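Subject: Structure handover

Hello,

Here is the structure you will be working with. Please have a look at it before you read the notes underneath.

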Amino acid sequence: MMLSQQHIDTVKSTIPLLASAGPAITQYFYNRMFTHNPELKHVFNMTHQKTGGQPAALFNAIAAYATHIDNLEVLTGAVMRIAHKHTSFNIKPDQYAIVGHHLIETLRELAPDAFTSDVEEAWVAAYGQLADIFIKIESDLYQERAAQAGGWLDFRRFRVASKTAESELVTSFVLEPVDGGAVIGYVPGQYLGVKLHPKGNEFDEIRQYSLSTAPNGQSYRISVKREGSNNIAGVMSNYLHDHVNVGDEIEAMPPAGDFFFQDKQTPVVLISGGVGLTPMQAILDTLAKQQYAQPISYLHACAHQGQHSFDAHVNSLKEQLNLSVYTWYEQAGNEAQGVLNGMMQIDAVKDSLPLTDGEFYLCGPVGFMMFVKQQLLTLGVEADRIHYELFGPHKDV
Ligand SMILES: Cc1cc2nc3c(=O)[nH]c(=O)nc-3n(C[C@H](O)[C@H](O)[C@H](O)COP(=O)(O)OP(=O)(O)OC[C@H]3O[C@@H](n4cnc5c(N)ncnc54)[C@H](O)[C@@H]3O)c2cc1C
Ligand code: HEM
């Protein structure tokens, strides 16, 4: 259904109502949806439901849509990011009807007085328009990937060809297709949607893992940190570390993601915290293959040397690239030569960085990226030269 001006005005008039309810709306929505359609628990990351990140991300998206419904171009970047994420979960058109139904029923149940037939008609039309946008973009992404040499549709089975510890917490897995075929390439920075069903687990689990080396047409490599906090072990990462070995099979969607290296033939600064170093490895390896001539600075922070993955490999790339490496260990007492102590203070190396003409790529914990981005902005780096990836539901940093 086409949106009329009246639909647009009506949707906009409900913004204060949405704002006052906040993410409680999407929390209610997800509870409703998982009660009526429990099969979707195989698709969604149920940990993000418990920790609240995903309900907040969905609420922000819906509030932004209502706000910009008469100027959707503003949302292009966000829509592309979400569409890429959706394709890594193999989200299908018929699932949009389920989500739409529960969204409308949520509005009706939470605000029965305000949810008049006009409001219902406007939101049904507005949701339909947004769903059609996602379905079209996602269908194009699926088709493009399937059409390339080595491409595929839906989940494809992969066998673990090697498993290598990179540090105390991070282990790499090289994945080859079980069917023996080739695999499509990717732009360094992109990730794979990986699915498995841990033994004893109630649901399938799907997680994203950045590709951690250059594309080679035959296999993919991911590098996974063992996650856990407050005595709750991360489901997928611990299962991969403890139970998935060479010869075992997992499933994966084709590479996706809108965070990737953009070749502008300018100096490059890669900045990572902890396991946020995985996309940076893919970028560095790809630039080494291409013999990228511009200066590259790689700034990395982690807890201590024992958790410093890919250290020797990165240093070996100095022979092929115009590469400067700066490292911070947060914990004092295990300084390696040339390593800085404490938090990543960019001031210490700012004179060596291309602050006025470089492209900056960030990946790491949200707090780390906020801390670093703020420093870069203070040093005069323009916001549109700072690109970042989050290892979880999106937030603006
Ligand atoms: C684009 C993208 C790229 C990524 N790339 C990488 C990568 O290259 N390498 C990598 O290691 N990871 C990467 N990740 C993260 C990865 O997808 C997983 O999120 C990560 O492995 C944790 O998954 P898990 O199943 O082990 O943990 P989950 O079970 O999802 O748990 C996550 C965290 O929540 C905590 N938790 C669980 N339940 C609760 C609760 N009830 N209350 C409070 N806390 C709780 C757990 O202790 C754990 O610390 C990426 C994510 C994205 C989105
Ligand atoms: C118009 C409708 C929809 C909107 C506005 C929307 C919005 C979002 C947003 C904002 C995110 C977070 C993206 C990020 O982290 O960057 C997300 C993730 C996700 N969406 Fe959607 N979505 C819609 C429809 C659907 C449908 C139909 C499904 C399938 C049932 C779905 C499944 C998922 C899943 C599985 C994730 C990842 C969840 C996680 O990591 O916890 N979405 N969506």
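How many bridges join strand β10 to strand β11, and how do the two strands run? There are 7 bridges between β10 (residues 296–302) and β11 (residues 323–329), and the strands run parallel. One residue to find there is A301, which stands opposite W328 in β11. Keep in mind throughout that this is a predicted model.

Those two strands belong to an open sheet of 6 strands with parallel pairing. Its order is β12-β11-β10-β9-β13-β14. At the edges are β12 (340–341) and β14 (386–389), each of which pairs on one side only.

Next, the domains. The domain assignment splits the protein into domain 1 (5–147), domain 2 (156–252) and domain 3 (268–389). Taken over C-alpha atoms, the centres of domain 2 and domain 3 are 24 Å apart. In the contact between these two, domain 2 takes part with 19 residues and domain 3 with 16 residues.

How much area is buried between domain 2 and domain 3? The figure is about 1400 Å², and carbon and sulfur atoms give 60% of it. On the domain 2 side, E168, P188 and A214 supply 27% of the area buried against domain 3, more than any other three residues.

The rule finds 0 salt bridges across this interface. It does find 4 residue pairs in polar contact across the interface of domain 2 and domain 3, with both residues at pLDDT 80 or more. Two strands, β2 (170–177) and β5 (220–225), each supply at least two residues of the side of domain 2 that touches domain 3. Of the elements on that side, β5 gives the most, with 3 residues. By residue type, the side of domain 2 that touches domain 3 has 7 nonpolar, 8 polar and 4 charged residues.

Last, the salt bridges. Side chains of opposite charge can pair when their charged atoms come close. A search of the whole structure gives 17 salt bridges. One of these joins the side chains of E249 and R159, at 3.4 Å from N to O. E249 lies in strand β8 (residues 249–252) and R159 in strand β1 (residues 156–165), so this pair ties together parts that are 90 residues apart in sequence.

Regards

Note on methods
Residues numbered from 1 in each chain as written. Chains lettered and ligands numbered in written order. Predicted model: local features only at pLDDT ≥ 70, side-chain atom pairs only at ≥ 80, totals over all residues. Heavy atoms only, no water. Domains from an automatic or database assignment. Contact = heavy atoms within 4.5 Å. Buried area = accessible area lost by both parts, 1.4 Å probe. Salt bridge = Lys/Arg side-chain N within 4 Å of Asp/Glu carboxyl O. Polar contact = N/O pair within 3.5 Å; in protein donor to acceptor, adjacent residues only side chain to side chain. Helix = DSSP H or I, 4+ residues; strand = E, 2+ residues; numbered from the N terminus. Nonpolar A, V, L, I, M, F, W, Y, C, P; charged D, E, K, R; others polar. Pairing = 2+ DSSP bridges.
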